[in-house]
Each structure stands twice: as C-alpha cells, then as structure tokens.
Amino acid sequence: MKKETKQAALWLDHSQAHLFGYREGESYLIETIESPLERKPRIEGEGNDTTRFGANYYSNNEDRKHNKMQNELASFFSELEGKLKDFDEILLFGPTNAKEQLFNRLSENKSYVSKTFSVESVGKLTENQTLAYVRDFFKALSA
C-alpha cells in the first residue's frame, strides 16, 4: 500500500503565517500563527533613543534593536518549523523575503532533508484566493 503524501502550504510574511493543508483535491486553512516580531519596538519608560547632531539624528542602540528583532524572528521560524515537520511536500509563498529566510533555515535542518520544497512569490491574497492558489498548485504538482 502506497503511503499518502502529506502536503502543506505556508503563506508568510514577517508579521504572521497561515498554514494550509491539501487533501483529496481540496485546500483548507489549518492555523494562523502570529509573529512576535515588533516593527517599531518601544520599551515602556524608555526615552528618545536618538541624538541630534546638526541636522541629522543618530540612534544609540541599533545593535540592541537588531539583536532583539533577530531573536524574535528566530523564535517565529522555530515555531513554524515545528508546525511543518509532519508534512512531506511544502509550499512556502508570500509577498516578502520571509519565505526565503525560512527555506534557508529549513534547508540546514537535517530532519527536513527528505522533504520537497517549493518557494513562490505572490502578493497579498484574500483567503479564498489563497485557498484556490494552494489547490491549483498541488493539483498541477500531482498532474
């Protein structure tokens, strides 16, 4: 008896991800995962972090903000890794470079060596458009 291939699609940008499954010719939303990434983090009670020098402003804590952002992104990608581990064929798609960043991370993970990945760039889609995109992608893949 042939083992059933588990297929999933992950639409993501840096703020959230939508995990879709595909079975028997139909796609369906499994889960939405929110990213802990803050675009403009502000610590309560923190003063202005810039210094004015002439007509220019300079930040005095760019490294700290960058490190915090990288840690939040790593946490988000780690959560997504856990969600994708049970699938054999995975489509990563979305409007930003987050899909490539996640693909690079998964490519380095030995437990994902046997899995098949596709990475596609798409713009913002409605939920129905996304479901149709996932359905059409996996139908074409199996044809």
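In the protein chain, 63% of the contacts with a separation of 6 or more are accounted for by residues 24 or more positions apart. The model under discussion is predicted. Its protein chain contains 3 helices and 7 strands, arranged along the sequence in the pattern β-β-β-β-β-α-β-α-β-α. Of the 143 residues in the chain, 35% are buried.

The interior may be considered next. In soluble globular proteins, nonpolar side chains tend to be buried together. Here the largest nonpolar core comprises 20 residues, of which L10, L12, F77, L80, L84, L92 and L102 touch the most other members. At least two residues of this core come from each of β1 (7-12), β2 (16-23), α1 (62-84), β6 (89-94) and α2. The greatest contribution is that of α1, which gives 5 residues. A second core, separate from this one, consists of 11 residues and includes F20, F93, V122 and F137.

Helix α2 offers a view of how one element meets the interior. Spanning residues 98-107, α2 has A98, K99, L102 and L106 as its buried residues. Viewed down the axis of α2, these buried residues fall within an arc of 100°, and they therefore line one face of the helix. An α-helix has 3.6 residues a turn, so residues three or four places apart point the same way. On that face, L102 is in contact with L10, L12, F77, L80, L84 and L92, when its neighbours within four places in sequence are left aside. L102 and these six partners are also the residues that touch the most other members of the largest core.

Attention now turns to the largest pocket, whose volume is about 160 Å³. Its lining is formed by E4, T5, Q7, Y22, R23, E24, E89, L141 and S142. Two or more of the lining residues are supplied by β2 and by α3 (127-142). Sorted by class, the lining holds 4 charged, 3 polar and 2 nonpolar residues.

One of the lining residues, E24, also merits attention for its backbone. E24 lies in the loop between β2 and β3 (26-34). Most residues other than glycine have a negative phi, and most peptide bonds are trans. E24, although not a glycine, has a positive phi of about 50°. With a relative accessible area of 78%, E24 is exposed, whereas L102 of α2 is among the buried residues of its helix.

How values were computed: Residues are numbered from 1 along each chain as its sequence is written. This is a predicted model: local features need pLDDT of at least 70, side-chain atom pairs count only at pLDDT 80 or more; totals for chains, interfaces and linings use all residues. Side-chain values use heavy atoms; hydrogens and water are left out. Buried means under 20% relative accessible area, exposed over 50%, partly exposed in between (1.4 Å probe, protein chains only). Helices (H or I, at least four residues) and strands (E, at least two) are DSSP runs, numbered from the N terminus. The arc is that of the directions from the helix axis to the C-beta atoms. A nonpolar core is a set of buried Ala, Val, Leu, Ile, Met, Phe, Trp, Tyr and Cys residues joined through side-chain atoms within 4.5 Å. Contact means heavy atoms within 4.5 Å. On a 1 Å grid over the protein atoms alone, a cavity is a set of points where a 1.4 Å probe fits but cannot get out, and a pocket is an open set with protein on both sides within 12 Å along at least five of seven lines; lining residues have an atom within 4 Å of a point. Grid points are joined across faces, edges and corners, and a volume is the space filled by probe spheres set on the points. Ala, Val, Leu, Ile, Met, Phe, Trp, Tyr, Cys and Pro count as nonpolar, Asp, Glu, Lys and Arg as charged, and the others, Gly among them, as polar.
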